[in-house]
Amino acid sequence: VKIHRSRDVSMIRSAARRKGTIQHEDQAIRFAPDIPPLVRSARRAFNPVCAELIKRNIRFQMIFPAVLSFRVNGVQKSFKDPEDAKTLLDGNV
């Protein structure tokens, strides 16, 4: 199913999480985000950096399509390249 309004998608996914298992005619129905494979792989490239941020207790967010954003010394930083983020973490934080 293609849903065009992101607000509707958020509401449906939230309701599905609250409900738990959803079935129709003995078949489980799952609701998954519609993220293109190229975007998914770009986000996965940040996994080692995100793991390091979690280890250092630094809050971060992933902005669509694949931009990692977090604060360093009170300054908001955003990265499209995981290597740039890793270099900053290795050098500054």
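**Pocket, core and backbone features of the predicted model**

The largest pocket encloses about 520 Å³ of space. As with everything that follows, this value comes from a predicted model. A helpful way to picture such a pocket is that rolling a probe the size of a water molecule over the atoms shows where empty space is left. In total, 16 residues line the largest pocket, and those nearest its centre are Val9, Arg13, Ala32, Pro33 and Asp34. By character, the lining divides into 8 nonpolar, 3 polar and 5 charged residues.

Attention turns next to the interior. The largest nonpolar core has 12 residues: Phe46, Val49, Cys50, Leu53, Ile58, Leu68, Phe70, Val72, Phe79, Ala85, Leu88 and Leu89. Two or more of these residues come from each of helix α3 (47-55), strand β4 (67-72) and helix α4 (82-91). Such a grouping will be familiar to many readers, because in soluble globular proteins nonpolar side chains tend to be buried together.

Two members of this core, Phe70 and Phe79, also form an aromatic pair, and a search of the whole structure finds 1 such pair. The ring centres of Phe70 and Phe79 are 5.6 Å apart and their planes meet at 25°, so the pair counts as stacked, since planes under 30 degrees apart fall in that class. Both Phe70 and Phe79 are buried.

Phe79 deserves a further look. This residue lies in strand β5, which covers residues 75-79. Its relative accessible area is 11%, so Phe79 is classed as buried, the limit for that class being under 20%. With neighbours within four places in sequence set aside, Phe79 touches Phe46, Ala66, Val67, Leu68, Phe70, Asp84, Ala85 and Leu88. Asp90 follows 11 residues further along the chain, and the C-alpha atoms of Phe79 and Asp90 are separated by 15 Å.

Phe46, another residue of the core, can be described in a similar way. Beyond its neighbours within four places in sequence, Phe46 is in contact with Met62, Ala66, Leu68, Phe79, Lys80, Asp81 and Pro82. Ala66, Leu68 and Phe79 are among these contacts of Phe46, while Ala66 and Leu68 are also among the contacts of Phe79.

Residues outside the buried set complete the picture. Ile54 is found in helix α3, and with a relative accessible area of 58% this residue is exposed. Between the C-alpha atoms of Ile54 and Gly20 the distance is 28 Å, with 34 residues separating the two in sequence. Ala15 sits in helix α1, residues 6-19, and counts as partly exposed at 32% relative accessibility. Ala15 and Ala66 are 51 residues apart in sequence, and their C-alpha atoms are 26 Å apart in space.

The backbone also offers some features worth finding in the viewer. Most residues other than glycine have a negative phi, and most peptide bonds are trans. Against that background, the bond joining Phe64 and Pro65 is cis, with omega about 0°. Pro65 belongs to the loop between β3 (60-63) and β4. Positive phi values appear at Asp26, where phi is about 60°, and at Asn57, where phi is near 60°; neither Asp26 nor Asn57 is a glycine. Asp26 occupies the loop between β1 (22-24) and β2 (27-29), whereas Asn57 is placed in the loop between α3 and β3. Asp26 is exposed, with a relative accessible area of 72%, and Asn57 is likewise exposed, with a value of 68%.

Key: Residues are numbered from 1 along each chain as its sequence is written. This is a predicted model: local features need pLDDT of at least 70, side-chain atom pairs count only at pLDDT 80 or more; totals for chains, interfaces and linings use all residues. Side-chain values use heavy atoms; hydrogens and water are left out. Rings of Phe, Tyr and Trp (its six-membered ring) pair if their centres lie within 6.5 Å; planes under 30 degrees apart count as stacked, over 60 as edge-to-face and the rest as tilted. Buried means under 20% relative accessible area, exposed over 50%, partly exposed in between (1.4 Å probe, protein chains only). A nonpolar core is a set of buried Ala, Val, Leu, Ile, Met, Phe, Trp, Tyr and Cys residues joined through side-chain atoms within 4.5 Å. Helices (H or I, at least four residues) and strands (E, at least two) are DSSP runs, numbered from the N terminus. Contact means heavy atoms within 4.5 Å. On a 1 Å grid over the protein atoms alone, a cavity is a set of points where a 1.4 Å probe fits but cannot get out, and a pocket is an open set with protein on both sides within 12 Å along at least five of seven lines; lining residues have an atom within 4 Å of a point. Grid points are joined across faces, edges and corners, and a volume is the space filled by probe spheres set on the points. Ala, Val, Leu, Ile, Met, Phe, Trp, Tyr, Cys and Pro count as nonpolar, Asp, Glu, Lys and Arg as charged, and the others, Gly among them, as polar.
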